[in-house]
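Thanks for making time this morning. I would like to walk through one structure with you, taking a pair of helices to begin with and then moving on to the strands.

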Amino acid sequence: VFLGNGPSGISLSYLLSGYIPYIKRGSLHPHPILQRKLEEAPDVSILDQDLEYLSEGLEGRSHSPVALLFDTLQRPDTDFGGAAESVLTWWHETDRAIPHLVLGRNAPGGAWHSIEGSMVTLSRGEWMGLPDLPFKDWLKQKRRGLRNNRATAQDIAQYYQHYVVKKGLQKNFRCGTVVTSVRKVSAESISSYAQEDLQENSGSLWNHSERSTEVFQVDGFVKTVKGDKEPFSIFAENVVLATGAYDSPTWLGIKGENLSYVHHKLSALEEAVKNNSIGFMSDPVLIVGAGLTAADAILFAHHCNIPVIHVFRRRVSDPGLIFNQLPKTMYPEYHRVHQMMKEQSAACAGPYECYVSLPEHHVLSFGKDKKCVFQDKNGYQKVYKISMALVLTGSNPNLSFLPNNGIDLAVDGDQPVNPKRNPIDVDPFTYECTQEKGLYALGPLAGDNFVRFVQGGALAVASSLLKKANKNPP
(Lines give C-alpha, C1' and ligand atoms only; values in the text may rest on other atoms or scores of the structure.)
Protein backbone atom coordinates (compact mmCIF):
# COMPACT_ATOMS: atom_id res chain seq x y z
CA VAL A 1 0.00 0.00 0.00
CA PHE A 2 1.35 3.46 -0.89
CA LEU A 3 0.05 6.57 0.84
CA GLY A 4 0.19 9.47 -1.62
CA ASN A 5 -0.44 9.59 -5.37
CA GLY A 6 1.96 12.32 -6.43
CA PRO A 7 5.01 11.78 -8.69
CA SER A 8 6.66 9.44 -6.12
CA GLY A 9 3.65 7.14 -5.87
CA ILE A 10 3.05 7.17 -9.64
CA SER A 11 6.70 6.29 -10.41
CA LEU A 12 6.68 3.40 -7.95
CA SER A 13 3.34 2.11 -9.28
CA TYR A 14 4.85 2.06 -12.79
CA LEU A 15 7.85 -0.01 -11.62
CA LEU A 16 5.72 -2.42 -9.56
CA SER A 17 3.33 -2.94 -12.50
CA GLY A 18 6.05 -4.96 -14.19
CA TYR A 19 7.73 -2.16 -16.19
CA ILE A 20 11.41 -3.05 -15.93
CA PRO A 21 14.31 -0.76 -16.99
CA TYR A 22 17.22 -2.15 -19.04
CA ILE A 23 20.16 -0.42 -20.70
CA LYS A 24 19.49 0.17 -24.41
CA ARG A 25 21.75 -1.90 -26.66
CA GLY A 26 24.45 0.23 -28.22
CA SER A 27 23.82 3.24 -25.97
CA LEU A 28 26.81 5.12 -24.59
CA HIS A 29 26.62 7.01 -21.31
CA PRO A 30 28.81 10.16 -21.19
CA HIS A 31 30.04 9.25 -17.67
CA PRO A 32 32.94 6.84 -18.50
CA ILE A 33 33.10 5.01 -15.13
CA LEU A 34 29.33 4.45 -15.07
CA GLN A 35 29.43 3.30 -18.71
CA ARG A 36 32.11 0.72 -17.82
CA LYS A 37 29.96 -0.60 -14.96
CA LEU A 38 26.87 -0.79 -17.19
CA GLU A 39 28.83 -2.86 -19.72
CA GLU A 40 29.58 -5.50 -17.06
CA ALA A 41 25.96 -6.77 -17.02
CA PRO A 42 24.30 -5.40 -20.17
CA ASP A 43 21.37 -7.84 -20.10
CA VAL A 44 20.53 -7.49 -16.41
CA SER A 45 17.78 -5.03 -15.47
CA ILE A 46 18.85 -1.99 -13.44
CA LEU A 47 16.36 -3.13 -10.77
CA ASP A 48 18.35 -6.38 -10.34
CA GLN A 49 21.82 -4.83 -10.22
CA ASP A 50 23.70 -3.56 -7.19
CA LEU A 51 22.44 0.04 -6.90
CA GLU A 52 25.16 0.96 -4.40
CA TYR A 53 27.89 -0.18 -6.81
CA LEU A 54 26.36 1.58 -9.84
CA SER A 55 25.80 4.88 -8.02
CA GLU A 56 29.20 5.05 -6.33
CA GLY A 57 31.11 8.18 -7.31
CA LEU A 58 28.17 10.00 -8.97
CA GLU A 59 27.82 13.69 -8.15
CA GLY A 60 24.98 16.12 -8.70
CA ARG A 61 22.24 18.20 -7.14
CA SER A 62 20.91 15.51 -4.79
CA HIS A 63 22.33 13.86 -1.67
CA SER A 64 20.79 10.52 -2.65
CA PRO A 65 23.12 8.23 -4.65
CA VAL A 66 20.21 6.24 -6.18
CA ALA A 67 18.39 9.46 -7.13
CA LEU A 68 21.52 10.63 -8.98
CA LEU A 69 21.87 7.23 -10.68
CA PHE A 70 18.30 7.03 -12.03
CA ASP A 71 18.38 10.70 -13.05
CA THR A 72 21.62 10.35 -15.02
CA LEU A 73 20.33 7.19 -16.76
CA GLN A 74 17.19 9.05 -17.86
CA ARG A 75 18.79 12.45 -18.58
CA PRO A 76 22.53 11.75 -19.10
CA ASP A 77 23.91 15.29 -19.49
CA THR A 78 21.01 17.53 -18.56
CA ASP A 79 22.93 19.51 -15.91
CA PHE A 80 25.36 20.60 -18.62
CA GLY A 81 22.57 21.83 -20.89
CA GLY A 82 22.75 18.72 -23.09
CA ALA A 83 19.79 16.86 -24.54
CA ALA A 84 21.25 13.34 -24.75
CA GLU A 85 18.58 10.65 -24.90
CA SER A 86 17.87 8.31 -22.02
CA VAL A 87 20.05 5.17 -22.04
CA LEU A 88 17.11 3.18 -20.62
CA THR A 89 14.61 1.01 -22.45
CA TRP A 90 11.52 -0.36 -20.70
CA TRP A 91 10.18 -3.91 -20.93
CA HIS A 92 6.77 -4.93 -19.62
CA GLU A 93 7.29 -8.19 -17.70
CA THR A 94 3.86 -8.90 -16.22
CA ASP A 95 5.09 -11.91 -14.22
CA ARG A 96 7.23 -9.53 -12.15
CA ALA A 97 4.37 -7.20 -11.21
CA ILE A 98 3.62 -6.85 -7.49
CA PRO A 99 -0.01 -6.17 -6.47
CA HIS A 100 -0.33 -2.79 -4.79
CA LEU A 101 -2.74 0.04 -4.00
CA VAL A 102 -2.03 3.77 -4.28
CA LEU A 103 -4.19 5.84 -1.91
CA GLY A 104 -4.57 9.59 -2.47
CA ARG A 105 -6.90 12.42 -1.47
CA ASN A 106 -7.08 13.94 -4.95
CA ALA A 107 -6.64 12.85 -8.56
CA PRO A 108 -3.24 11.32 -9.47
CA GLY A 109 -0.63 14.09 -9.26
CA GLY A 110 -0.97 14.85 -5.55
CA ALA A 111 -0.23 18.43 -4.45
CA TRP A 112 0.15 19.59 -8.08
CA HIS A 113 -3.65 19.81 -8.22
CA SER A 114 -3.77 22.35 -5.39
CA ILE A 115 -1.16 24.74 -6.85
CA GLU A 116 -2.50 27.73 -8.79
CA GLY A 117 -2.59 26.48 -12.39
CA SER A 118 -0.72 29.33 -14.07
CA MET A 119 2.24 29.18 -11.65
CA VAL A 120 5.46 28.29 -13.45
CA THR A 121 7.69 25.55 -12.04
CA LEU A 122 11.12 26.17 -10.59
CA SER A 123 12.51 23.12 -12.38
CA ARG A 124 12.95 22.90 -16.12
CA GLY A 125 9.97 21.30 -17.83
CA GLU A 126 11.80 18.17 -18.95
CA TRP A 127 12.80 17.50 -15.32
CA MET A 128 9.12 17.12 -14.37
CA GLY A 129 8.68 14.03 -16.57
CA LEU A 130 8.16 10.48 -15.34
CA PRO A 131 9.79 7.29 -16.72
CA ASP A 132 9.29 6.43 -20.41
CA LEU A 133 6.97 9.33 -21.33
CA PRO A 134 8.94 12.59 -21.74
CA PHE A 135 7.00 15.65 -20.60
CA LYS A 136 8.09 17.56 -23.73
CA ASP A 137 6.57 14.89 -26.00
CA TRP A 138 3.25 15.10 -24.15
CA LEU A 139 3.30 18.90 -24.41
CA LYS A 140 3.96 18.69 -28.17
CA GLN A 141 0.82 16.57 -28.57
CA LYS A 142 -1.09 19.44 -26.97
CA ARG A 143 0.61 21.73 -29.52
CA ARG A 144 2.24 23.82 -26.83
CA GLY A 145 5.85 24.54 -25.94
CA LEU A 146 7.70 25.34 -22.74
CA ARG A 147 7.97 28.96 -21.67
CA ASN A 148 11.63 29.66 -20.92
CA ASN A 149 12.12 25.86 -20.60
CA ARG A 150 9.61 25.75 -17.73
CA ALA A 151 6.08 24.41 -17.33
CA THR A 152 2.88 25.53 -15.60
CA ALA A 153 1.46 23.67 -12.60
CA GLN A 154 -1.75 22.99 -14.54
CA ASP A 155 0.17 21.28 -17.36
CA ILE A 156 2.06 19.13 -14.88
CA ALA A 157 -1.09 18.08 -12.99
CA GLN A 158 -2.72 17.09 -16.31
CA TYR A 159 0.41 15.25 -17.47
CA TYR A 160 0.50 13.13 -14.28
CA GLN A 161 -3.17 12.19 -14.72
CA HIS A 162 -2.52 11.35 -18.39
CA TYR A 163 0.54 9.26 -17.42
CA VAL A 164 -1.50 7.02 -15.09
CA VAL A 165 -4.07 6.36 -17.85
CA LYS A 166 -1.53 5.96 -20.67
CA LYS A 167 0.52 3.44 -18.69
CA GLY A 168 -2.60 1.52 -17.58
CA LEU A 169 -2.05 2.10 -13.87
CA GLN A 170 -5.60 3.28 -12.96
CA LYS A 171 -6.59 -0.08 -11.43
CA ASN A 172 -3.99 0.49 -8.70
CA PHE A 173 -5.22 3.99 -7.75
CA ARG A 174 -7.90 4.82 -5.18
CA CYS A 175 -8.59 8.56 -5.18
CA GLY A 176 -10.66 10.43 -2.59
CA THR A 177 -9.17 8.36 0.25
CA VAL A 178 -8.03 9.75 3.59
CA VAL A 179 -5.79 7.59 5.77
CA THR A 180 -6.34 8.08 9.52
CA SER A 181 -4.06 5.41 11.00
CA VAL A 182 -1.13 3.13 10.10
CA ARG A 183 0.02 0.73 12.81
CA LYS A 184 1.66 -2.67 13.21
CA VAL A 185 -0.56 -5.53 14.37
CA SER A 186 0.22 -9.19 14.92
CA ALA A 187 -0.70 -11.39 11.97
CA GLU A 188 -2.52 -13.78 14.34
CA SER A 189 -4.83 -11.04 15.61
CA ILE A 190 -6.40 -10.25 12.24
CA SER A 191 -9.40 -12.20 11.03
CA SER A 192 -8.92 -15.32 8.90
CA TYR A 193 -10.81 -13.51 6.11
CA ALA A 194 -8.29 -10.65 6.17
CA GLN A 195 -5.42 -13.16 6.23
CA GLU A 196 -6.74 -14.91 3.12
CA ASP A 197 -7.17 -11.56 1.41
CA LEU A 198 -3.62 -10.54 2.32
CA GLN A 199 -2.24 -13.88 1.12
CA GLU A 200 -4.10 -13.61 -2.19
CA ASN A 201 -3.08 -10.01 -2.86
CA SER A 202 0.57 -10.19 -1.96
CA GLY A 203 1.40 -13.12 -4.21
CA SER A 204 4.68 -14.67 -3.19
CA LEU A 205 5.30 -11.83 -0.74
CA TRP A 206 3.23 -13.93 1.69
CA ASN A 207 5.16 -17.15 1.92
CA HIS A 208 3.80 -19.89 4.22
CA SER A 209 7.24 -20.91 5.38
CA GLU A 210 8.26 -17.33 6.18
CA ARG A 211 4.90 -15.89 7.20
CA SER A 212 5.29 -12.45 8.77
CA THR A 213 4.47 -12.28 12.45
CA GLU A 214 3.41 -8.63 12.08
CA VAL A 215 1.60 -6.71 9.35
CA PHE A 216 0.49 -3.09 8.94
CA GLN A 217 -3.14 -2.15 9.40
CA VAL A 218 -4.07 0.90 7.31
CA ASP A 219 -7.36 2.53 8.37
CA GLY A 220 -9.16 5.43 6.76
CA PHE A 221 -12.22 6.47 4.81
CA VAL A 222 -13.26 7.05 1.20
CA LYS A 223 -15.17 10.21 0.32
CA THR A 224 -18.15 9.17 -1.81
CA VAL A 225 -19.82 11.24 -4.54
CA LYS A 226 -22.68 11.98 -2.12
CA GLY A 227 -20.20 13.36 0.41
CA ASP A 228 -20.42 10.38 2.79
CA LYS A 229 -17.37 8.81 4.42
CA GLU A 230 -17.05 5.06 3.97
CA PRO A 231 -14.48 3.52 6.34
CA PHE A 232 -11.91 0.95 5.22
CA SER A 233 -9.19 -1.24 6.72
CA ILE A 234 -6.36 -2.71 4.64
CA PHE A 235 -3.68 -5.13 5.84
CA ALA A 236 -0.28 -5.06 4.13
CA GLU A 237 3.21 -6.38 4.76
CA ASN A 238 4.79 -3.25 3.29
CA VAL A 239 3.62 0.37 3.39
CA VAL A 240 5.20 3.22 1.42
CA LEU A 241 4.87 6.78 2.76
CA ALA A 242 4.79 9.19 -0.19
CA THR A 243 2.51 11.93 1.13
CA GLY A 244 4.78 14.88 0.29
CA ALA A 245 5.36 17.93 2.44
CA TYR A 246 2.63 20.41 1.64
CA ASP A 247 -0.11 19.44 4.12
CA SER A 248 0.52 21.84 6.99
CA PRO A 249 1.83 25.38 6.41
CA THR A 250 4.37 26.53 9.01
CA TRP A 251 3.06 29.00 11.59
CA LEU A 252 5.17 31.69 13.26
CA GLY A 253 3.61 30.92 16.66
CA ILE A 254 2.96 34.55 17.60
CA LYS A 255 0.06 36.53 19.09
CA GLY A 256 -2.84 37.20 16.72
CA GLU A 257 -1.74 34.67 14.09
CA ASN A 258 -5.18 33.00 14.22
CA LEU A 259 -7.04 36.26 13.33
CA SER A 260 -9.17 36.08 10.18
CA TYR A 261 -6.95 38.41 8.11
CA VAL A 262 -3.81 36.27 8.65
CA HIS A 263 -3.41 33.46 6.08
CA HIS A 264 -0.86 30.73 5.38
CA LYS A 265 -1.59 29.94 1.74
CA LEU A 266 -0.99 31.92 -1.45
CA SER A 267 -4.50 30.98 -2.64
CA ALA A 268 -5.94 33.37 0.01
CA LEU A 269 -4.45 36.34 -1.87
CA GLU A 270 -5.80 35.09 -5.21
CA GLU A 271 -9.24 34.64 -3.60
CA ALA A 272 -9.19 38.17 -2.09
CA VAL A 273 -8.33 39.71 -5.48
CA LYS A 274 -11.06 37.67 -7.19
CA ASN A 275 -13.64 38.86 -4.61
CA ASN A 276 -12.43 42.48 -4.93
CA SER A 277 -11.87 42.56 -1.17
CA ILE A 278 -8.42 44.04 -1.79
CA GLY A 279 -7.09 46.19 -4.62
CA PHE A 280 -4.62 48.97 -5.44
CA MET A 281 -6.34 51.38 -2.97
CA SER A 282 -6.11 48.93 -0.03
CA ASP A 283 -3.68 49.04 2.86
CA PRO A 284 -0.57 46.98 2.02
CA VAL A 285 -0.58 43.18 2.04
CA LEU A 286 2.06 41.81 4.38
CA ILE A 287 4.10 38.92 2.94
CA VAL A 288 6.33 37.03 5.41
CA GLY A 289 9.07 34.75 4.07
CA ALA A 290 11.92 34.68 1.57
CA GLY A 291 11.26 31.51 -0.41
CA LEU A 292 9.72 30.95 -3.82
CA THR A 293 6.11 30.90 -2.60
CA ALA A 294 6.63 34.33 -1.02
CA ALA A 295 8.19 35.48 -4.32
CA ASP A 296 5.17 34.15 -6.25
CA ALA A 297 2.88 36.13 -3.90
CA ILE A 298 4.92 39.31 -4.49
CA LEU A 299 4.78 38.85 -8.28
CA PHE A 300 1.02 38.24 -8.14
CA ALA A 301 0.42 41.34 -5.96
CA HIS A 302 2.72 43.44 -8.15
CA HIS A 303 0.82 42.30 -11.26
CA CYS A 304 -2.45 43.44 -9.61
CA ASN A 305 -0.90 46.76 -8.40
CA ILE A 306 -1.50 45.79 -4.77
CA PRO A 307 0.91 47.42 -2.28
CA VAL A 308 3.19 44.97 -0.42
CA ILE A 309 5.27 45.02 2.75
CA HIS A 310 7.76 42.16 2.58
CA VAL A 311 9.31 40.91 5.84
CA PHE A 312 12.04 38.27 6.11
CA ARG A 313 14.69 37.29 8.66
CA ARG A 314 17.75 36.84 6.43
CA ARG A 315 20.11 39.36 4.85
CA VAL A 316 19.45 39.93 1.15
CA SER A 317 23.01 38.76 0.39
CA ASP A 318 22.70 35.56 2.48
CA PRO A 319 24.02 32.68 0.31
CA GLY A 320 21.34 30.41 1.81
CA LEU A 321 18.62 32.55 0.21
CA ILE A 322 17.18 30.62 -2.74
CA PHE A 323 17.44 33.68 -5.04
CA ASN A 324 21.23 33.65 -4.64
CA GLN A 325 21.30 30.07 -5.99
CA LEU A 326 19.22 30.53 -9.17
CA PRO A 327 20.70 31.41 -12.58
CA LYS A 328 19.39 34.86 -13.60
CA THR A 329 18.77 33.99 -17.24
CA MET A 330 16.57 31.01 -16.44
CA TYR A 331 14.58 32.68 -13.66
CA PRO A 332 14.16 36.35 -14.67
CA GLU A 333 11.00 36.89 -12.59
CA TYR A 334 12.63 35.63 -9.35
CA HIS A 335 15.71 37.72 -10.11
CA ARG A 336 13.37 40.71 -10.34
CA VAL A 337 11.92 39.98 -6.88
CA HIS A 338 15.47 39.68 -5.52
CA GLN A 339 16.30 43.09 -7.05
CA MET A 340 13.21 44.57 -5.36
CA MET A 341 14.26 43.05 -2.02
CA LYS A 342 17.69 44.66 -2.40
CA GLU A 343 16.73 48.06 -3.75
CA GLN A 344 13.44 48.89 -2.06
CA SER A 345 14.04 48.65 1.68
CA ALA A 346 12.08 50.91 4.03
CA ALA A 347 15.30 52.82 4.71
CA CYS A 348 15.75 53.99 1.12
CA ALA A 349 13.10 54.40 -1.56
CA GLY A 350 13.90 52.57 -4.79
CA PRO A 351 12.45 52.43 -8.29
CA TYR A 352 9.61 50.00 -7.48
CA GLU A 353 6.28 51.46 -6.45
CA CYS A 354 3.92 49.71 -4.03
CA TYR A 355 6.63 47.53 -2.47
CA VAL A 356 8.67 47.87 0.72
CA SER A 357 11.30 45.35 1.79
CA LEU A 358 12.17 44.77 5.47
CA PRO A 359 15.20 42.44 5.56
CA GLU A 360 16.42 41.06 8.91
CA HIS A 361 13.03 41.77 10.52
CA HIS A 362 10.52 39.47 12.15
CA VAL A 363 6.86 39.86 13.09
CA LEU A 364 6.16 40.22 16.82
CA SER A 365 2.33 40.29 16.76
CA PHE A 366 -0.82 40.82 14.73
CA GLY A 367 -3.46 43.15 16.25
CA LYS A 368 -7.25 42.96 15.94
CA ASP A 369 -7.13 46.44 14.34
CA LYS A 370 -4.92 44.98 11.53
CA LYS A 371 -1.88 46.73 12.95
CA CYS A 372 1.21 44.60 12.79
CA VAL A 373 4.34 44.98 14.96
CA PHE A 374 7.80 44.19 13.51
CA GLN A 375 11.23 44.13 15.12
CA ASP A 376 14.58 44.59 13.38
CA LYS A 377 17.92 42.93 14.28
CA ASN A 378 18.78 45.79 16.68
CA GLY A 379 15.53 45.43 18.62
CA TYR A 380 13.82 48.50 17.15
CA GLN A 381 10.09 48.10 16.58
CA LYS A 382 7.84 49.39 13.80
CA VAL A 383 4.06 49.29 13.40
CA TYR A 384 2.27 49.06 10.03
CA LYS A 385 -1.44 48.96 9.21
CA ILE A 386 -2.14 46.18 6.71
CA SER A 387 -5.13 44.75 4.83
CA MET A 388 -4.14 41.07 5.07
CA ALA A 389 -1.10 38.98 6.00
CA LEU A 390 0.36 35.98 4.18
CA VAL A 391 2.78 33.90 6.26
CA LEU A 392 4.63 31.87 3.61
CA THR A 393 7.57 30.39 5.50
CA GLY A 394 7.33 26.78 4.31
CA SER A 395 5.21 23.76 5.12
CA ASN A 396 5.42 20.49 6.98
CA PRO A 397 4.08 17.02 6.25
CA ASN A 398 1.02 15.86 8.16
CA LEU A 399 1.89 12.45 9.59
CA SER A 400 -0.85 12.40 12.24
CA PHE A 401 -1.88 8.92 11.01
CA LEU A 402 1.42 7.48 12.34
CA PRO A 403 2.16 6.74 16.01
CA ASN A 404 3.71 9.87 17.60
CA ASN A 405 3.27 11.76 14.28
CA GLY A 406 6.16 9.78 12.78
CA ILE A 407 8.72 11.60 14.95
CA ASP A 408 10.37 8.28 15.95
CA LEU A 409 11.15 7.62 12.26
CA ALA A 410 13.07 10.88 11.71
CA VAL A 411 16.86 11.32 11.61
CA ASP A 412 16.54 13.32 14.86
CA GLY A 413 13.96 11.32 16.80
CA ASP A 414 13.20 14.25 19.15
CA GLN A 415 12.04 16.66 16.42
CA PRO A 416 9.10 16.64 13.96
CA VAL A 417 9.73 15.32 10.44
CA ASN A 418 10.81 18.13 8.12
CA PRO A 419 11.86 17.51 4.48
CA LYS A 420 14.78 19.95 4.56
CA ARG A 421 15.98 19.80 8.16
CA ASN A 422 14.86 16.44 9.56
CA PRO A 423 13.67 13.88 6.99
CA ILE A 424 12.66 10.30 7.77
CA ASP A 425 15.76 8.17 8.29
CA VAL A 426 15.92 5.65 5.43
CA ASP A 427 18.45 3.20 4.04
CA PRO A 428 19.90 5.08 1.02
CA PHE A 429 19.71 2.03 -1.28
CA THR A 430 16.28 0.63 -0.34
CA TYR A 431 14.49 3.68 1.18
CA GLU A 432 13.23 1.39 3.95
CA CYS A 433 12.86 3.19 7.29
CA THR A 434 15.76 2.33 9.56
CA GLN A 435 13.44 2.36 12.60
CA GLU A 436 10.58 0.29 11.13
CA LYS A 437 11.08 -2.62 8.74
CA GLY A 438 8.43 -2.93 6.03
CA LEU A 439 7.77 0.82 6.11
CA TYR A 440 9.32 2.88 3.29
CA ALA A 441 9.47 6.64 2.71
CA LEU A 442 9.74 8.43 -0.64
CA GLY A 443 10.00 11.96 -2.00
CA PRO A 444 10.18 15.00 0.33
CA LEU A 445 9.62 12.80 3.43
CA ALA A 446 12.96 11.15 2.64
CA GLY A 447 14.64 14.46 1.74
CA ASP A 448 14.12 14.28 -2.08
CA ASN A 449 12.41 17.58 -2.87
CA PHE A 450 12.51 17.64 -6.69
CA VAL A 451 10.44 15.49 -9.06
CA ARG A 452 13.51 14.52 -11.09
CA PHE A 453 15.07 12.98 -7.96
CA VAL A 454 12.05 11.28 -6.32
CA GLN A 455 12.12 8.64 -9.06
CA GLY A 456 15.44 7.18 -7.85
CA GLY A 457 13.78 6.51 -4.50
CA ALA A 458 11.01 4.64 -6.34
CA LEU A 459 13.70 2.56 -8.10
CA ALA A 460 15.28 1.70 -4.72
CA VAL A 461 11.92 0.70 -3.16
CA ALA A 462 10.93 -1.39 -6.21
CA SER A 463 14.29 -3.16 -6.18
CA SER A 464 13.89 -3.95 -2.46
CA LEU A 465 10.28 -5.19 -2.81
CA LEU A 466 11.17 -7.40 -5.79
CA LYS A 467 13.90 -9.03 -3.71
CA LYS A 468 11.48 -9.56 -0.82
CA ALA A 469 8.87 -11.02 -3.19
CA ASN A 470 11.55 -13.25 -4.68
CA LYS A 471 10.57 -12.00 -8.12
CA ASN A 472 14.12 -11.53 -9.28
CA PRO A 473 15.10 -13.40 -12.42
CA PRO A 474 17.35 -16.50 -11.93
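**Helix packing and strand pairing**

The crossing of helices H1 and H6 is left-handed, and I should say straight away that what we are looking at is a predicted model. Two packed helices are generally described by the angle between their axes and by the distance between those axes. Here H1, which covers residues 7-16, and H6, which covers residues 153-166, pack at an angle of about 15°, and their axes lie 11 Å apart. Angles under 35 degrees count as roughly parallel, and that is why H1 is described as roughly parallel to H6.

Which residues of H1 and H6 meet? From H1 there are Pro7, Ile10 and Tyr14, and on the H6 side they meet Tyr160, Tyr163 and Val164. Sorted by class, this contact of H1 with H6 has 6 nonpolar residues, with no polar and no charged ones.

Let me turn to the strands, beginning with E9.

Strand E9 runs over residues 214-223, and because 7 of its 10 residues are buried, the strand is largely enclosed by the rest of the structure. E9 pairs with strand E8, residues 177-186, in the antiparallel sense over 9 bridges, and within that pairing serine 186 stands opposite glutamate 214 of E9. E9 also pairs with strand E10, residues 229-236, again in the antiparallel sense, this time over 8 bridges; here the bridge partner of phenylalanine 216 is alanine 236 in E10. What links E9 and E10 is a hairpin with 5 residues between the two strands, and in its turn glycine 227 has a positive phi of about 95°. While you have these strands on the screen, please keep in mind that in a regular strand the side chains alternate between the two faces of the sheet.

The last part of the structure I want to show is another sheet.

This one is an open sheet of 3 strands, in the order E17-E18-E19, with antiparallel pairing. Strand E17, residues 361-366, and strand E19, residues 381-385, stand at the edges with a single partner strand each, so one side of each is left without a neighbour in the sheet. From one strand to the next, the twist averages 30°. Looking at one pairing in detail, E17 and strand E18, residues 371-376, are joined in the antiparallel sense over 5 bridges, and phenylalanine 366 has cysteine 372 in E18 as its bridge partner.

Terms used: Residues are numbered from 1 along each chain as its sequence is written. This is a predicted model: local features need pLDDT of at least 70, side-chain atom pairs count only at pLDDT 80 or more; totals for chains, interfaces and linings use all residues. Side-chain values use heavy atoms; hydrogens and water are left out. Axes are lines fitted to C-alpha atoms, for helices over the stretch in contact, and angles run from 0 to 180 degrees between N-to-C directions. Helices (H or I, at least four residues) and strands (E, at least two) are DSSP runs, numbered from the N terminus. Angles under 35 degrees count as roughly parallel, over 145 as roughly antiparallel, 65 to 115 as roughly perpendicular and the rest as oblique. A crossing is left-handed if the near helix is turned anticlockwise from the far one by less than a right angle, and right-handed if clockwise. Contact means heavy atoms within 4.5 Å. Ala, Val, Leu, Ile, Met, Phe, Trp, Tyr, Cys and Pro count as nonpolar, Asp, Glu, Lys and Arg as charged, and the others, Gly among them, as polar. Two strands pair if DSSP finds at least two bridges between them. Buried means under 20% relative accessible area, exposed over 50%, partly exposed in between (1.4 Å probe, protein chains only).
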